Amino acid sequence: MLAGGVDSLEAMTRKRQYGEVANLLQGVVNVLEHFHKYMGIPQIRQLSERVKAAQSELGTQILADFEEAFPSQGSKRPGGPSNVLRDACLVANVLDPRIKQEIIKKFIRQHLSEYMVLFQENQDVAWLDKIDRRYAWIKRQLVDYEEKYGRMFPEEWCMTERIAVEFCHITKVELAKVMRTRAKEIEVKLLLFAIQRTTNFEGLLAKRFTGCTLTDAPGQQKRPESPLDQTNPFLEDEPGDDGGSEKDEDLTKPRKPKAPGNPFHGIISKCFEPHLYVYIESQDKNLGELIDRFVADFRAQGPPKAGTEEGGAVLPSCADLFVYYKKCMVQCSQLSTGEPMIALTTIFQKFLREYAWKILSGNLPK
């Protein structure tokens with residue numbers, strides 16, 4: 001009976017009857033696993049070898065069918081899914097995992113081939129001021145995929161997410177290249193614009209996908225780090241907003257769950273980090289102008305009068321300076337918590353010394 005099943009399997013493989021092959025192959029494999037302890041018997045061993053040969057032939061045939069339907073060269077794609085290919089994917093689930101990985105890689109590479117042409121050859125479209133066009137393009141492609149090929153691949157393959165993730169990896173590399181080439185053209189407003197659009201897109205991915213393919217996508221890319229907002233002291237709630245002191249009886253009350261981190265955070269936006277020195281230099285300039293304005297205001301208005309209740313005078317510019325510092329820290333922490341953050345703290349130290357010297361020490365009574 002097992003031999004007959006193997007004969008049928010080989011015949012169906014030659015006829016590419018993948019729909020029937022999937023169920024039969026799984027049954028044959030299950031039977032062989034049942035007889036694994038009898039592999040010393042020549043007939044069982046021979047049948048096992050025939051099954052392996054049939055699986056290898058199946059894998060080769062399936063890959064050839066996908067290559068014919070989705071050629072590596074050219075971007076033209078058929079109008080809709082193929083029943084033969086849909087059944088072939090079901091068979092691939094039972095075969096060597098490398099067959100499935102090769103199918104996924106070939107399809108995604110072909111599906112994104114147009115993107116490579118559009119944004120590699122046209123440097124004007126590839127620049128940061130046109131970054132929205134990249135994300136608009138992939139959104140259209142994902143809709144196109146769902147309409148044409150959504151039912152061709154098994155749902156557990158998560159092909160829509162895989163296409164999006166591969167797009168992100170390609171975009172990260174390409175943006176890094178173009179920014180290295182045109183580094184002198186990067187201005188702070190342009191850089192922040194590109195980062196904002198990119199992080200918005202990463203947030204959109206988190207709403208649409210789970211991130212389940214980030215560790216097993218072709219290429220074995222490392223999962224991007226989640227944002228550190230949950231531990232950022234500058235983003236904590238103000239007292240009174242679920243934050244203030246809690247009574248003992250409140251400790252047993254359920255707390256509002258925190259939003260989960262975005263698994264796609266940094267999957268593209270990490271490429272901007274080497275260029276954040278532009279942002280740091282801009283903050284250096286802004287803080288210099290801010291200190292100059294504080295000095296001018298102090299000279300024009302004089303020192304504040306001592307408060308009757310508190311018993312001491314408070315410089316309004318002091319509060320303004322630290323509010324500005326807080327905003328900078330929040331913004332920088334959303335961009336990077338690495339070297340740029342360290343560089344920003346150095347800038348803060350510099351202008352704290354200037355504030356102390358020009359406004360505080362420089363205006364003490366003599």
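Trainee: What is the relative accessible area of C158?
Mentor: This is a predicted model, in which local features need pLDDT of at least 70 and side-chain atom pairs pLDDT 80 or more, whereas totals for chains, interfaces and linings use all residues. Residues are numbered from 1 along each chain as its sequence is written, and side-chain values use heavy atoms, with hydrogens and water left out. C158 lies in the loop between α8 (131-149) and α9, and its phi is near 50°, a positive value in a residue other than glycine. C158 counts as partly exposed (buried is under 20% and exposed over 50%, with a 1.4 Å probe and protein chains only), and its relative accessible area is 25%.

Trainee: How are α8 and α9 oriented to each other?
Mentor: The two helices (DSSP runs of H or I with at least four residues) pack with their axes 10 Å apart and at an angle of about 160°. The contact (heavy atoms within 4.5 Å) includes W137, I138 and L142 of α8 and I163, F167 and L175 of α9. Angles run from 0 to 180 degrees between N-to-C directions, and since over 145 degrees is the cut-off, α8 and α9 are therefore roughly antiparallel.

Trainee: Which term describes how α5 lies relative to α9?
Mentor: Helix α5 (residues 97-111) and α9 also have axes 10 Å apart, but here the angle is about 60°. The residues that make this contact are I104, F107, I108 and H111 of α5, and M159, R162, I163 and E166 of α9. Because under 35 degrees is roughly parallel and 65 to 115 roughly perpendicular, the angle makes α5, relative to α9, oblique.

Trainee: Which helix gives the most residues to the largest nonpolar core?
Mentor: That core (buried Ala, Val, Leu, Ile, Met, Phe, Trp, Tyr and Cys joined through side-chain atoms within 4.5 Å) has 81 residues, and F66, I103, F107 and F167 are among those with the most contacts inside it. F66, for its part, touches L85, A88, C89, I103, M152 and F153, with residues up to four places away in sequence not counted. The helix that gives the most to the core, with 11 residues spread over positions within 159-181, is α9.

Trainee: What share of the 366 residues in the chain is buried?
Mentor: The chain has 13 helices and 0 strands. Among contacts with a separation of 6 or more, 81% join residues 24 or more positions apart. Of the 366 residues in the chain, the buried share is 38%.
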